[in-house]
Amino acid sequence: MREQLKLVVNKYNLIEETQNGFWTNFNQYRKEEPNEFKQNFHDYSIEKLDIWIHSIAYKIKNWPVCDYEFIAIRLEIEYAGSTVGKYEACYSMCGEYEDDYFVIY
C-alpha cells in the first residue's frame with residue numbers, strides 16, 4: 001500500500017500542490033486577518049517561518065460502506081521555533097484537489 005501511495009503522490013505532484021496551497025492560504029490569511037496575523041506572527045520574517053510534511057495518509061470515509069477514499073497531506077507550521085498551526089490538503093485518488101484546512105492555533 002505504501003508504494004501505491006507514493007506512486008500517486010509523485011505522479012500528481014501532490015507535495016508541491018500542497019505547498020502551493022499552503023502559501024495561497026497563508027497569504028490570504030495575512031491579507032484578510034491582519035490583526036490576528038500580527039498577533040500570531042509578531043515581527044513577521046519569512047526566515048522564521050518553517051513548514052514541513054507531518055504526514056501523508058490514505059483515508060477511507062463512511063465505514064463500513066467505504067465509498068469515499070482520499071489522500072491527506074498535512075504540513076506543520078512553525079514560527080520562530082514554535083508550532084503555530086497546520087495545513088492539510090485532501091486529494092482524490094486521481095490527484096484532484098478535494099478540500100483543505102488551514103488552522104492557526
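What percentage of the 105 residues of the protein chain count as buried? The points below answer this and then examine the elements in turn.

1. Overall burial. In this predicted model, 32% of the 105 residues of the protein chain count as buried. A residue is called buried when its relative accessible area is under 20%. The accessible surface of the protein chain amounts to about 7000 Å², and carbon and sulfur atoms contribute 48% of that surface.

2. General layout. The protein chain contains 3 helices and 4 strands. Followed along the sequence, these elements appear in the pattern α-α-α-β-β-β-β. The C-alpha trace has a span of about 45 × 25 × 20 Å along its principal axes. If one considers contacts between residues at least 6 apart in sequence, 42% of them connect residues at least 24 apart.

3. The length of helix H2. Helix H2 comprises the 19 residues 14-32. At 1.5 Å a residue, H2 should span 27 Å, and the C-alpha atoms at its ends lie 26 Å apart, which agrees with that expectation.

4. The buried side of H2. Which residues of H2 are buried? They are Leu14, Thr18, Gly21, Phe22, Asn25, Phe26 and Tyr29. Because these residues cover an arc of only 135° around the axis, they lie on the same side of H2. The student may recall a general rule here: an α-helix has 3.6 residues a turn, so residues three or four places apart point the same way.

5. The partners of H2. The buried residues of H2 pack against two other helices, H1 (2-11) and H3 (34-40). They also pack against the strands E1 (49-61), E2 (68-79), E3 (82-91) and E4 (97-104).

6. Strand E2 and its pairing with E1. Strand E2 is mostly covered, since 10 of its 12 residues are buried. E1 and E2 are paired in the antiparallel sense over 12 bridges. One bridge places Leu49 with its partner Tyr79 in E2. The two strands E1 and E2 form a hairpin with 6 residues between them, and Asn62 in the turn has a positive phi of about 65°.

7. Pairing of E2 with E3. How many bridges join E2 to E3? There are 9 bridges, and E2 and E3 run antiparallel. Arg74 is placed opposite Glu88 in E3. The hairpin of E2 and E3 has 2 residues between the strands, and Ala80 in this hairpin takes a positive phi near 55°.

Note on methods:
Residues are numbered from 1 along each chain as its sequence is written. This is a predicted model: local features need pLDDT of at least 70, side-chain atom pairs count only at pLDDT 80 or more; totals for chains, interfaces and linings use all residues. Side-chain values use heavy atoms; hydrogens and water are left out. The expected span of a helix is 1.5 Å times one less than its number of residues. Buried means under 20% relative accessible area, exposed over 50%, partly exposed in between (1.4 Å probe, protein chains only). The arc is that of the directions from the helix axis to the C-beta atoms. Contact means heavy atoms within 4.5 Å. Two strands pair if DSSP finds at least two bridges between them. Accessible areas come from the Shrake-Rupley method with a 1.4 Å probe; for residues, only the protein chains shown count as cover.
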